[in-house]
Amino acid sequence: MIQTKLDALAQMMDEYGAMPFPKGFRGLDVEDQDMVMLDADTAGYVSRVLAGPLPEPFRGGLIRLVGVFEKVLPAISDEYASKYYTRARDVAVLAAEIEAMRDE
């Protein structure tokens with residue numbers, strides 16, 4: 001089961017990584033969140049989850065990252081950017097689910 005989710009996460013990350021970064025979002029803060037850093041944090045956490053279990057301090061960071069998306073997404077009015085960051089959130093949520101499964 002976990003391998004199936006890891007495979008899905010890798011596929012989703014490839015698709016997300018192939019999407020161009022939204023125009024006008026470099027250097028932009030939404031709800032006090034730097035959008036470039038949100039993108040970079042997502043890629044970093046997901047890459048680590050794909051490589052193996054996250055060390056304890058990083059698990060809380062991944063959970064906080066998912067929470068940031070819930071705050072930021074409703075404030076994005078650009079259609080493409082909303083799609084881009086929704087995809088990023090979905091990737092982060094699946095990564096968090098995988099980490100939770102590793103604890104079981």
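Trainee: What covers the buried residues of helix 4?

Mentor: The cover includes helix 1, helix 2 and helix 3. Please bear in mind throughout that this is a predicted model. The residues of helix 4 that are buried are Ala81, Tyr84, Tyr85, Ala88, Val91, Ala92, Leu94, Ala95, Ala96, Ile98 and Glu99.

Trainee: How many residues does helix 4 have, and what span is expected for it?

Mentor: Helix 4 contains 25 residues, and the distance from its first C-alpha to its last is 37 Å, close to the 36 Å expected at 1.5 Å a residue. At the N-terminal end, helix 4 is capped by Asp78, which places a side-chain oxygen 3.2 Å from the backbone nitrogen of Tyr80.

Trainee: I should like to read helix 2 in the same manner. Which residues of helix 2 are buried?

Mentor: The general idea comes first. An α-helix has 3.6 residues a turn, so residues three or four places apart point the same way. In helix 2, the buried residues are Met35, Leu38, Asp39, Thr42, Tyr45, Val46 and Val49. They lie on the same side of helix 2 because the arc they cover around the axis is only 140 degrees.

Trainee: Against which elements do these buried residues of helix 2 pack?

Mentor: They pack against helix 1 (2–18), strand 1 (29–30), strand 2 (33–34), helix 3 (56–72) and helix 4 (79–103).

Trainee: What should one note about the span and the two ends of helix 2?

Mentor: Helix 2 runs over residues 35–51, which is 17 residues, and it reaches 25 Å from first C-alpha to last, close to the expected 24 Å. Its N-terminal end is capped by Asp34, with a side-chain oxygen 2.9 Å from the backbone nitrogen of Val36. After helix 2 comes Gly52, which has a positive phi near 155 degrees.

Trainee: Which residues have the most contacts inside the largest nonpolar core?

Mentor: Those residues are Leu9, Phe25, Met35, Leu62, Phe69, Ile76 and Tyr85, in a core of 31 residues. At least two residues of this core come from each of helix 1, helix 2, helix 3 and helix 4. Helix 4 supplies the largest share, ten residues.

Trainee: Met35 appears both among the buried residues of helix 2 and among the core residues with the most contacts. Which residues does Met35 touch?

Mentor: Leaving aside residues up to four places away in sequence, Met35 touches Phe21, Phe25, Leu28, Val30, Val72, Ile76 and Tyr85. Among these, Phe25, Ile76 and Tyr85 are also listed with the most contacts inside the core.

Trainee: Let us turn to charged residues. How many salt bridges does a search of the whole structure find?

Mentor: Side chains of opposite charge can pair when their charged atoms come close. The search finds six salt bridges here. One of them joins the side chains of Arg59 and Glu99, at 3.2 Å from N to O. Arg59 belongs to helix 3 and Glu99 to helix 4, so this pair ties together parts 40 residues apart in sequence.

Trainee: Are Arg59 and Glu99 buried or exposed?

Mentor: Arg59 counts as buried because its relative accessibility is 17%, under the 20% cut-off. Glu99 is buried as well, with a relative accessible area of 5%.

Trainee: Which residue forms a salt bridge with Glu70?

Mentor: The partner of Glu70 is Arg89, and their closest N and O atoms are 4.0 Å apart. Since Glu70 lies in helix 3 and Arg89 in helix 4, the pair ties together parts that are 19 residues apart in sequence. Glu70 is partly exposed at 45% relative accessibility, and Arg89 is partly exposed at 21%. Arg89 also meets Asp90 in a salt bridge, at 3.0 Å from N to O. Asp90 counts as partly exposed, at 31% relative accessibility. As for shared partners, salt bridges join Arg59, Glu99 and Arg102 into one network.

Trainee: Finally, where does Glu31 lie, and what is its phi?

Mentor: Glu31 is in the loop between strand 1 and strand 2. Its phi is near 50 degrees, a positive value in a residue other than glycine. With a relative accessible area of 41%, Glu31 is partly exposed. Asp32 is placed in the loop between strand 1 and strand 2, and it has a positive phi of about 65 degrees although it is not a glycine. At 75% relative accessibility, Asp32 counts as exposed.

How values were computed:
Residues are numbered from 1 along each chain as its sequence is written. This is a predicted model: local features need pLDDT of at least 70, side-chain atom pairs count only at pLDDT 80 or more; totals for chains, interfaces and linings use all residues. Side-chain values use heavy atoms; hydrogens and water are left out. Helices (H or I, at least four residues) and strands (E, at least two) are DSSP runs, numbered from the N terminus. The expected span of a helix is 1.5 Å times one less than its number of residues. Buried means under 20% relative accessible area, exposed over 50%, partly exposed in between (1.4 Å probe, protein chains only). The arc is that of the directions from the helix axis to the C-beta atoms. Contact means heavy atoms within 4.5 Å. A polar contact is a pair of N or O atoms within 3.5 Å; within protein, one must be able to donate a hydrogen and the other to accept it, and residues adjacent in sequence count only if both atoms are side-chain atoms. A nonpolar core is a set of buried Ala, Val, Leu, Ile, Met, Phe, Trp, Tyr and Cys residues joined through side-chain atoms within 4.5 Å.
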